[in-house]
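Q: Hey, can you walk me through this protein? I'd like to start with whatever holds its chain together.

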Amino acid sequence: MTAMVSPVLWCALLCSLYSVALGGDEHNFVVVPASSFEPEAACSTSVTSELPNRASVPLAHRHGPCAPSGASGKPSLAERLRRDRARANYITGKASARTRMLSAGDASVPTFLGDSVDSLEYVVTLGIGTPAVQQTVLIDTGSDLSWVQCAPCNSTQCYPQKDPLFDPSKSSTFAPIPCATDACKALSVDSYDNGCTNGTDGASLCGYAIEYGNRAVTTGVYSTEMLTLNTGVSVSNFSFGCGSNQHGPYDKFDGLLGLGGAPESLVSQTSSVYGGAFSYCLPPASGSAGFLTLGAPSNNTADFLFTPMRRLSPELATFYVVTLTGISVAGKVLDIPPAVFSKGMIIDSGTVITGLPKTAYAALRSAFQSAMSQYPLLPPSENGLDTCYNFTGNSSVTVPKVALTFSGGTTVDLSVPSGVLVEGCLAFRGERSDSIGGIIGNVNQRTLELLYDSGRGSVGFRAGAC
């Protein structure tokens, strides 16, 4: 007669074997189902809670089932990472150029324009105009000037989008900005100006132009309008680009919402109300939702871990920079000289993969590969990532915890597996040298609420927010 083992004893036996296999270090590893690496076909409900005194809107992956207009064709990982590499190269190149100019005493900033827009992955739905017209726009902390496509606009001037074009002639609150105004002249500071253009009544209006790193272009009239975030929460006289000519590799979204730190961004325009603070939570997978919020918690920030934030320079205020001081894998702090991180790390919503200084990445890769040695390591491929695994035949996968430590001693545990792996690959890459500052990509940010608080000069991290 076969003896029966109770579920409690069976679980205890498995846990004991798991602990022995990991040398008693099981608290520094997470066992996840292999299905975690497969795309989700349906949208699951967001776990976000009410955020009092803050204006919040749902956020979704542009190619996932939670996108308001439905998922469009998702590019391959290789194509996504090609676009991502181009964006990262642009951002680090711009930051490095700025540093060199400051060292040489040159106060000018290179005028090569915005980041690659085809690499952006997250969208929110807003209302623009009176009455409000729904528009689904990409969010980007690496851009400042927001824009949407405006009617009239034929197929040679605008790309196809899923929502109806915003028609300014049907809004009672739309107002083009005259060319001779201070608001128009200010566009030249951040290289968004495009001279003057004639309106339908012959008036001289303020033109804007943005050329992104992937050569996508938008031009039109700089204007003001009512922006509705959610029921009862709106921004009057919101300055944005009413786009009449867009060409390049655009993909059906309605426009872009700039969340950078320059004066043209939504964050800066609403600073008198929300204190220059905003946050977002990127969901763990494309089949779930997160949120974008304006404002900081009024009194309860106990769940946040904070680190100081700075800008690259007053003249290059778009990017948000923090200082990384260390990395841990499976609970062990890696031996990385602090000087390696001296250039700072830009936190970016639009970059996918985190780029580390060369020495830091080499240490991370070695430790991570050692902790994952039980799984077959795939040869480096065209996607540019060199630590990818074959999990075929495994019902579950044991992944080491990875933590980032920032100035002030703030240590943030990345979500496992969503914040560490992307399609079975370690979501980090190495830069060419240690002289190049890095970028914290959006994979590492998943499930964390990132609170950018310009008024207090800090970035906060809240775990398990979505």
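A: Sure, let's go through the disulfides, a threonine and the annotated active site. Keep in mind that this is a predicted model.

Q: Okay, how many disulfides does the count come to?
A: The count comes to seven disulfides. As a reminder, a disulfide is a covalent bond between the sulfur atoms of two cysteines.

Q: Can you pick one? Which cysteine is Cys-150 joined to?
A: Cys-150 is joined to Cys-242, with an S to S distance of 2.1 Å. Cys-150 sits in the loop between strand 5 (147–149) and strand 6 (175–176), while Cys-242 is in strand 10 (residues 233–247), so the bond ties together parts that are 92 residues apart in sequence.

Q: What's the handedness of the Cys-150 and Cys-242 disulfide, left or right?
A: Left-handed, because the torsion about the S-S bond of Cys-150 and Cys-242 is about -125°.

Q: And is Cys-150 buried or exposed?
A: Buried, with a relative accessible area of 3%. Its partner Cys-242 also counts as buried, at 7% relative accessibility.

Q: Next one. What does Cys-184 pair with?
A: Cys-184 forms a disulfide with Cys-206, and their sulfur atoms are 2.2 Å apart. Cys-184 belongs to helix 3 (residues 182–185) and Cys-206 to strand 8 (residues 204–211), so to speak two distant parts of the chain, 22 residues apart. Both Cys-184 and Cys-206 are buried.

Q: Why is the Cys-184 and Cys-206 disulfide called right-handed?
A: The torsion about its S-S bond is about 90°, so the Cys-184 and Cys-206 disulfide is right-handed.

Q: Got another? What is Cys-388 joined to?
A: Cys-388 is joined to Cys-425, S to S 2.0 Å. Cys-388 lies in the loop between helix 6 (358–371) and strand 20 (396–400), and Cys-425 lies in strand 24 (residues 425–426), so this pair ties together parts that are 37 residues apart in sequence. The torsion about the S-S bond of Cys-388 and Cys-425 is about 110°, so that disulfide is right-handed. Cys-388 is buried at 5% relative accessibility, and Cys-425 is buried at 4%.

Q: Switching topics: where is Thr-270?
A: Thr-270 is in the loop between helix 4 (266–269) and helix 5 (271–274). Thr-270 is buried, with a relative accessible area of 5%.

Q: What does the side chain of Thr-270 reach?
A: The side chain of Thr-270 reaches the backbone oxygen of Leu-266 at 2.8 Å. Leaving out residues up to four places away in sequence, Thr-270 touches Val-235, Gly-275 and Leu-294.

Q: Cool. Now, which residues does UniProt list for "active site"?
A: The UniProt entry, which is unreviewed, lists Asp-140 and Asp-348. They span 209 residues in sequence, yet their C-alpha atoms are no more than 7.7 Å apart, so they gather at one spot.

Q: Where is Asp-140, then?
A: Asp-140 is in strand 4 (residues 133–140). Asp-140 counts as buried, at 0% relative accessibility. The side chains of Asp-140 and Arg-87 are joined by a polar contact of 2.5 Å.

Q: And where does Asp-348 lie?
A: Asp-348 lies in the loop between strand 18 (345–347) and strand 19 (354–356). Asp-348 counts as buried too, at 0% relative accessibility.

Q: Which residues does Asp-348 touch, not counting residues up to four places away in sequence?
A: Among them are Arg-87, Asp-140, Tyr-280, Asn-442 and Gln-445. So Arg-87, which has that polar contact with Asp-140, is also touched by Asp-348.

Definitions and conventions:
Residues are numbered from 1 along each chain as its sequence is written. This is a predicted model: local features need pLDDT of at least 70, side-chain atom pairs count only at pLDDT 80 or more; totals for chains, interfaces and linings use all residues. Side-chain values use heavy atoms; hydrogens and water are left out. A disulfide is a pair of cysteine sulfur atoms within 2.5 Å. Helices (H or I, at least four residues) and strands (E, at least two) are DSSP runs, numbered from the N terminus. Buried means under 20% relative accessible area, exposed over 50%, partly exposed in between (1.4 Å probe, protein chains only). A polar contact is a pair of N or O atoms within 3.5 Å; within protein, one must be able to donate a hydrogen and the other to accept it, and residues adjacent in sequence count only if both atoms are side-chain atoms. Contact means heavy atoms within 4.5 Å. UniProt positions are given in the numbering used here, feature names are shortened, and annotations may be inferred rather than shown by experiment.
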